[in-house]
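Here's a quick look at how one chain puts its helix and strands together. Have the model open and follow along.

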Amino acid sequence: MIDEPLVIQDLVNAFNIPQGSKPGNPGYGTSIWSFIFDPNVADVRAKLEMEIKRVAAQDPRLRLNTVTSQYSETGILVTLELAIVPYNNTQVVSFFLNNSGMATIV
């Protein structure tokens with residue numbers, strides 16, 4: 001049995017780990033924090049969303065449907081439409097990437 005809230009928390013935890021900082025697994029984590037102070041333009045949003053998809057694809061328990069991001073003065077609000085395998089019940093999850101370098105579920 002898969003605990004859906006745990007899978008979602010694991011995803012958010014992956015966004016809190018800088019890529020390359022986990023010993024023995026240099027591909028784990030994310031470079032998402034490099035986007036925090038970038039301009040809110042289509043090219044940057046596309047790169048941010050690609051990075052989110054890359055991190056989510058590392059977890060076989062997740063099926064990511066859509067990613068949207070909204071910039072604000074204090075960080076980035078990310079909204080994901082996803083499903084937890086094998087249940088495949090679609091749900092919407094939002095988390096906030098704040099300027100101090102912490103991803104939290106909203």
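What follows starts with a helix and then moves on to the strands.

Keep in mind that this is a predicted model. Helix α1 takes in residues 4-15, so to speak a run of 12 residues. From first C-alpha to last, α1 reaches 17 Å, close to the 16 Å expected at 1.5 Å a residue.

Which residues of α1 are buried? They are Val7, Ile8, Leu11, Val12, Ala14 and Phe15. These residues sit on the same side of α1, because they cover an arc of only 155° around the axis. An α-helix has 3.6 residues a turn, so residues three or four places apart point the same way. As for what that side meets, the buried residues of α1 pack against α2 (42-57), β1, β2, β3 and β4 (103-105).

Now for the strands. Strand β2 (residues 75-84) pairs with β1 and also with β3. Here are the two pairings side by side:

| Pair | Sense | Bridges | Residues between the strands | One bridge pair |
|---|---|---|---|---|
| β1 (residues 62-72) and β2 | antiparallel | 10 bridges | two residues | Arg63 and Ala83 |
| β2 and β3 (residues 90-98) | antiparallel | nine bridges | five residues | Gly75 and Asn98 |

A hairpin makes the link in each case: β1 to β2, and β2 to β3. In the hairpin of β2 and β3, Asn88 takes a positive phi near 60°.

Is β2 mostly covered or mostly open? Mostly covered: seven of its 10 residues are buried. β2 is also among the elements that the buried residues of α1 pack against.

Conventions
Residues are numbered from 1 along each chain as its sequence is written. This is a predicted model: local features need pLDDT of at least 70, side-chain atom pairs count only at pLDDT 80 or more; totals for chains, interfaces and linings use all residues. Side-chain values use heavy atoms; hydrogens and water are left out. Buried means under 20% relative accessible area, exposed over 50%, partly exposed in between (1.4 Å probe, protein chains only). Helices (H or I, at least four residues) and strands (E, at least two) are DSSP runs, numbered from the N terminus. Two strands pair if DSSP finds at least two bridges between them. The expected span of a helix is 1.5 Å times one less than its number of residues. The arc is that of the directions from the helix axis to the C-beta atoms. Contact means heavy atoms within 4.5 Å.
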